[in-house]
Amino acid sequence: MMDPREMSGLEFLTALKNGDVEPPSMAVTLGFRAVAMEHGTITFHATPTKAVLNPMGVVHGGWYGALLDTVLGCAVQTTLPRGRIYTTLEYKVNLTRALPPGTEVAATGTVQHAGRTTAVANAEIRGVGDGKLYATGSTTCLLMDLPG
């Protein structure tokens, strides 16, 4: 296995997509998979299951939030050189419509600004088959050196 501490953010995420590094347990649990990336942008696909429904029978808002937080942070990560990491300072989620279970979606995050200490990104979740907008989000991340 490759050592993520020896890679840029984009190199690490490419290795993750290619199966050369172990995926994060959260992504496995929720069914998130990276499908495309380049400097400053990344797209994940996901299909919510019945395991993530709210009491009304539609996808829980926390699932949207987890997917948006993932693509927002990973978009920022694509801009980071080796030895730099990020953490989410804040993120915002706007749900635009209910998402039925079994609907495959594409979540794309795009960096608007990546400075020395902070980064800002936006994202949206759209249906793969119909292009419908299900949610949008934004984040501000703190950028720092990898500890130790």
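Me: In which strand is Thr-139 found?

Reply: The model is predicted: local features need pLDDT of at least 70, side-chain atom pairs count only at pLDDT 80 or more, and totals for chains, interfaces and linings use all residues. Residues are numbered from 1 along each chain as its sequence is written; side-chain values use heavy atoms, without hydrogens and water. Helices (H or I, at least four residues) and strands (E, at least two) are DSSP runs numbered from the N terminus. Thr-139 is found in strand β6.

Me: Does Thr-139 count as buried or exposed?

Reply: Buried means under 20% relative accessible area, exposed over 50%, and partly exposed in between (1.4 Å probe, protein chains only). The relative accessibility of Thr-139 is 2%. Because 2% is under the limit, Thr-139 counts as buried.

Me: At what distance does the side chain of Thr-139 reach the backbone oxygen of Glu-90?

Reply: Glu-90 is among the residues in contact (heavy atoms within 4.5 Å) with Thr-139. Others, leaving aside neighbours within four places in sequence, are Leu-72, Thr-88, Tyr-91, Ala-119, Val-120 and Ala-121. The side chain of Thr-139 reaches the backbone oxygen of Glu-90 at 2.8 Å.

Me: In what order do the six strands of the open sheet stand?

Reply: The pairing in this sheet is antiparallel; two strands pair if DSSP finds at least two bridges between them. From one end to the other, the order of the strands is β1-β2-β4-β5-β6-β3.

Me: Which strands stand at the edges, and why is one side of each left without a neighbour in the sheet?

Reply: The strands in question are residues 33-38 and residues 84-95. Each has a single partner strand, so one side of each is left without a neighbour in the sheet. The edge strands are β1 and β3.

Me: By how much are neighbouring strands of this sheet turned against each other on average?

Reply: Axes are lines fitted to C-alpha atoms, for helices over the stretch in contact, and angles run from 0 to 180 degrees between N-to-C directions. For the neighbouring strands, direction is ignored. The average turn is 20°.

Me: Which strands does helix α1 touch?

Reply: Helix α1 covers residues 9-17 and packs on the sheet. Its direction makes about 145° with that of β1, one of the strands it touches. The strands touched by α1 are β1 and β2.

Me: At about what angle does helix α3 run to β3?

Reply: Helix α3 spans residues 61-77. It lies across β2, β3, β4, β5 and β6. Relative to β3, α3 runs at about 140°.

Me: Which residue in β4 does Ala-46 stand opposite?

Reply: Strand β2 (residues 41-46) pairs with strand β4 (residues 105-114) in the antiparallel sense over six bridges. On the β5 side, Gly-127 stands opposite the β4 residue Val-105. Ala-46 also stands opposite Val-105.

Me: How many residues lie between β4 and β5 in their hairpin?

Reply: β4 and β5 pair in the antiparallel sense over nine bridges. Together they form a hairpin. The number of residues between them is three.

Me: Which residue takes a positive phi in the hairpin of β5 and β6?

Reply: β5 and β6 pair in the antiparallel sense over nine bridges, with Ile-125 opposite Ala-135 in β6. Their hairpin has five residues between the strands. The residue with a positive phi, near 70°, is Gly-131.

Me: Which side chains along β5 point to one face and are buried?

Reply: In a regular strand the side chains alternate between the two faces of the sheet. Along β5, Thr-118, Val-120, Asn-122, Glu-124 and Arg-126 point to one face and are not buried. Pointing to the other face, and buried, are Ala-119, Ala-121, Ala-123, Ile-125 and Gly-127.

Me: How far does the backbone oxygen of Val-76 lie from a polar atom of the side chain of Thr-79?

Reply: Thr-79 lies in the loop between α3 and β3 and is buried, with a relative accessible area of 17%. Not counting residues up to four places away in sequence, Thr-79 touches His-39, Gly-40, Val-111 and Ala-114. From the backbone oxygen of Val-76 to the polar side-chain atom of Thr-79 is 2.6 Å.

Me: How far apart in space are Val-21 and Asp-3, C-alpha to C-alpha?

Reply: Val-21 is found in the loop between α1 and α2 and counts as buried at 6% relative accessibility. In sequence, Val-21 and Asp-3 are 18 residues apart. In space, their C-alpha atoms are apart by 8.1 Å.

Me: What share of the residues of the protein count as buried?

Reply: The protein has three helices and six strands, which run α-α-β-β-α-β-β-β-β from the N terminus on. Its C-alpha atoms fill a box of roughly 45 × 30 × 25 Å along the principal axes. Of the 148 residues, the buried share is 40%.

How values were computed. A polar contact is a pair of N or O atoms within 3.5 Å; within protein, one must be able to donate a hydrogen and the other to accept it, and residues adjacent in sequence count only if both atoms are side-chain atoms.
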